[in-house]
Amino acid sequence: MSDLFTRIANAPVGSQVVSRLGLPRPVELDRGASLRAPVLLGGDGRLAEPLAQVLRDAGAELAGAGADGCGALVFDASGIEDSTGLRGLYDFFHPVIRSLRPCGRVIVLGAPPERPRQATAQRALEGFVRSLGKEVGKGSTANLVYAAEGAPLESTLRFFLSGRSAYVSGQVVRVESAEPGGSLDGKVAVVTGAARGIGEAIAETLARDGAHVVCADVPAQGEALAEVANRVGGAALALDVTAADAPERLATYLRERHGGVDAVVHNAGITRDRTLGRMTPEEWDVLLDVNLSSQERIDDALLGGDVLRSGGSIVGVSSMSGIAGNRGQSNYATSKAGVIGRAESMAPVLRERGGTINAVAPGFIETAMTAQMPLATREAGRRMSSLAQGGLPVDVAETIAWLAAPASRGVNGNAIRVCGQNLLGA
């Protein structure tokens, strides 16, 4: 699914009109699971040798020197010790960047710094990657991965080298040292707000990856919830996350039916948009309770009762508003910034259990809610990104599936924007 302008811009006649008018031409994004190929490797840091093996294990085709037209460019910058070493970025990318194929991938791998000059150079990588993400065009993306010594990288590289990360660009991910697990196959996952939209896509994607999905939503969504649960072969659970007994009900359900849970996705959320001076206390309170406080109470019950199994994952759905703020959304932005804060503050707790907690912050995603926006606002939301288009619910779902998988245990405490590198926010 894409918006009307994107379809017109990619039609034979429409593309000529768009070109003559000088308008941006959004590329139909390739969202397939296949890895971009061939992959050209560069850099000579500590990751160079293991990186090639990881890519081979992932099934990536490696390009030889002088290859023309690569699907992905991967540069190991972990060996850059000071600012003079940054020249290596230019030397590698300059000759090949313009031959990157449409919907290509750029990945730079850095290292957690230990010394001031090293820290300066490693921090500089962020500006380079974010700028490159805005230059590559044609549906291509650029992302930066800081890898600790012994960090498991295969899951993260598979995600960023494939169409699963089609709407993720300009992001910085930190991967810790950890023992990687396997896939979601045979695991139990619970998704709140699963009856429609992004929650529905999350349930479908986790089920595709082999998880038994417990789809939870408010009782009023019962019919839609049952349809989703039946379609994904999971179970429907009517649950108002703000109810006083919701945490214990959910914990008891997961313990008695499944002996525990492996992945928890806090997707349930509401909006009550109004400028702060006009906002009622009820609009503030109910939103914070649904979007943030309920997550804390549920996690307390699942962690305190050991219902979340060792090695389990938690993913909270935040928003770009929680990063950049948004007029008329002081309550919403507060709650979504809190979701990111929760991922950061709870990461050490989950690390002790061998698990992870992360946040995903969607930007402009094509949903029933965004379809109701005024035309000018909707078009601005779509075009003000490096990819010049809105994302799809599946883009958010794929990112969550990557973070929820046991293979991604090194990815902990991150906030990943799924926004096509929208120009708003960090």
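# Close-up views of a predicted model

**View 1. Helix H9 and what covers its buried residues.** The buried residues of helix H9 are covered by a set of elements that includes strand S6 (188-192), strand S7 (212-217), strand S8 (235-238), strand S9 (261-266) and helix H10. As you look through these views, keep in mind that this is a predicted model. Which residues of H9 are buried? They are Ala246, Pro247, Leu250, Ala251, Tyr253 and Leu254. These residues lie on the same side of H9, because the arc they cover around the axis is only 160 degrees. A general point helps here: an α-helix has 3.6 residues a turn, so residues three or four places apart point the same way.

**View 2. The length of H9 and the residue that follows.** Helix H9 takes in residues 246-258, which makes 13 residues. How far apart should its ends be, at 1.5 Å a residue? The expected span is 18 Å, and the C-alpha atoms at the two ends are 17 Å apart, so the expectation and the model agree. Just after H9 you will find Gly259, with a positive phi near 75 degrees.

**View 3. The largest cavity.** The model has two cavities of 30 Å³ or more, and this view shows the largest, with a volume of about 50 Å³. Its lining is made up of His266, Gln295, Asp299, Ile314, Val315, Gly316, Val339, Arg342, Ala343, Ile357, Asn358 and Ala359. Which elements give two or more residues to this lining? They are helix H10 (281-304), strand S10 (308-317), helix H12 (330-352) and strand S11 (356-362). Sorted by class, the lining residues of the largest cavity are six nonpolar, four polar and two charged.

**View 4. The second largest cavity.** Here the volume is about 40 Å³. Look around the walls for Thr192, Val241, His266, Asn267, Ala268, Val290, Ser294, Gln295 and Ile298. Which element gives the largest share of this lining? H10 does, with four residues. The lining of the second largest cavity has five polar and four nonpolar residues, and no charged ones. You may recognise two names from the previous view: His266 and Gln295 line the largest cavity, and they line the second largest cavity too.

**View 5. Asp57 in helix H3.** Asp57 belongs to helix H3, which covers residues 48-57. Its relative accessible area is 46%, so Asp57 counts as partly exposed, a class that lies between the cut-offs of 20% and 50%. Setting aside residues up to four places away in sequence, Asp57 touches Glu154 and Arg158. Leu153 is 96 residues from Asp57 in sequence, while their C-alpha atoms are 11 Å apart in space.

**View 6. Gly410 in a loop.** You can find Gly410 in the loop between helix H15 (393-404) and strand S12 (415-418). Is Gly410 buried or exposed? Gly410 is buried, because its relative accessibility is 0%. Beyond its neighbours within four places in sequence, Gly410 is in contact with Pro152, Arg174, Val175, Glu176 and Ala178.

**View 7. Pro38 and a cis peptide bond.** The peptide bond that joins Ala37 and Pro38 is cis, with omega about -10 degrees. Pro38 sits in the loop that runs between helix H2 (12-21) and strand S1 (39-43).

**View 8. Cys103 and its positive phi.** Cys103 is not a glycine, but its phi is positive, near 55 degrees. This residue is in the loop between helix H4 (87-93) and strand S3 (105-110). With a relative accessible area of 7%, which is under the 20% cut-off, Cys103 counts as buried.

**View 9. Gln421 and Asn422, after strand S12.** Gln421 is in the segment that follows S12, and so is Asn422. Gln421 has a positive phi of about 55 degrees, although it is not a glycine. Gln421 counts as buried at 5% relative accessibility, and Asn422 is buried with a relative accessible area of 6%. What does Asn422 contact, leaving aside its neighbours within four places in sequence? Its contacts are Met320, Gly381, Met384, Ser385 and Arg417.

Technical notes:
Residues are numbered from 1 along each chain as its sequence is written. This is a predicted model: local features need pLDDT of at least 70, side-chain atom pairs count only at pLDDT 80 or more; totals for chains, interfaces and linings use all residues. Side-chain values use heavy atoms; hydrogens and water are left out. On a 1 Å grid over the protein atoms alone, a cavity is a set of points where a 1.4 Å probe fits but cannot get out, and a pocket is an open set with protein on both sides within 12 Å along at least five of seven lines; lining residues have an atom within 4 Å of a point. Grid points are joined across faces, edges and corners, and a volume is the space filled by probe spheres set on the points. Ala, Val, Leu, Ile, Met, Phe, Trp, Tyr, Cys and Pro count as nonpolar, Asp, Glu, Lys and Arg as charged, and the others, Gly among them, as polar. The expected span of a helix is 1.5 Å times one less than its number of residues. Buried means under 20% relative accessible area, exposed over 50%, partly exposed in between (1.4 Å probe, protein chains only). The arc is that of the directions from the helix axis to the C-beta atoms. Contact means heavy atoms within 4.5 Å.
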